[in-house]
Amino acid sequence: MAQFTKERNTNIMKLPLTSEGSNKALYSYKKPTVQNCKVTFIDGSVFWEKMIFNDKFLSIKGEPNKLYLDEQCNIEADLTRIQKIQECKRLGLILG
């Protein structure tokens with residue numbers, strides 16, 4: 001799951017904020033900053049998934065089918081998410 005720890009200012013509607021220009025509005029919106037997610041598989045292996053956020057549509061999603069070895073998501077793992085799930089199925093840890 002995503003971890004919400006920091007907040008950053010965003011102005012999706014492009015309204016003038018209280019600190020901008022002569023047309024001052026009482027509009028301020030805070031959106032949490034999303035960090036990369038830790039993924040733990042049933043066999044105990046730990047990887048990281050890079051989170052991508054879109055301020056325009058207020059959506060947050062993980063990078064599709066990619067796993068990383070470090071929290072900053074700089075070092076890509078040598079296998080994909082689907083390959084890891086199939087490996088767990090072969091070991092009998094996941095039924096289906």
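1. Which pattern does the chain follow, read along the sequence? The pattern is β-β-β-β-β-β-α, from six strands and one helix. Helices (H or I, at least four residues) and strands (E, at least two) are DSSP runs, numbered from the N terminus.

2. This is a predicted model, in which local features need pLDDT of at least 70 and side-chain atom pairs count only at pLDDT 80 or more, while totals for chains, interfaces and linings use all residues. Residues are numbered from 1 along each chain as its sequence is written, and side-chain values use heavy atoms, with hydrogens and water left out.

3. Of the 96 residues in the chain, 24% count as buried. Buried means under 20% relative accessible area, exposed over 50%, and partly exposed in between (1.4 Å probe, protein chains only).

4. Asn36 sits in the loop between strand E2 (30-34) and strand E3 (37-40). Asn36 is buried, at a relative accessible area of 17%. Its side chain reaches the backbone nitrogen of Met51 at 3.2 Å and the backbone oxygen of Glu71 at 3.1 Å.

5. Neighbours within four places in sequence left aside, Asn36 is in contact with Trp48, Glu49, Lys50, Met51, Glu71, Gln72 and Cys73. Contact means heavy atoms within 4.5 Å. Among contacts in the chain between residues at least 6 apart in sequence, 37% join residues at least 24 apart.

6. Leu93 lies in the segment after helix H1 (81-90). With 39% relative accessibility, Leu93 counts as partly exposed.

How values were computed. A polar contact is a pair of N or O atoms within 3.5 Å; within protein, one must be able to donate a hydrogen and the other to accept it, and residues adjacent in sequence count only if both atoms are side-chain atoms.
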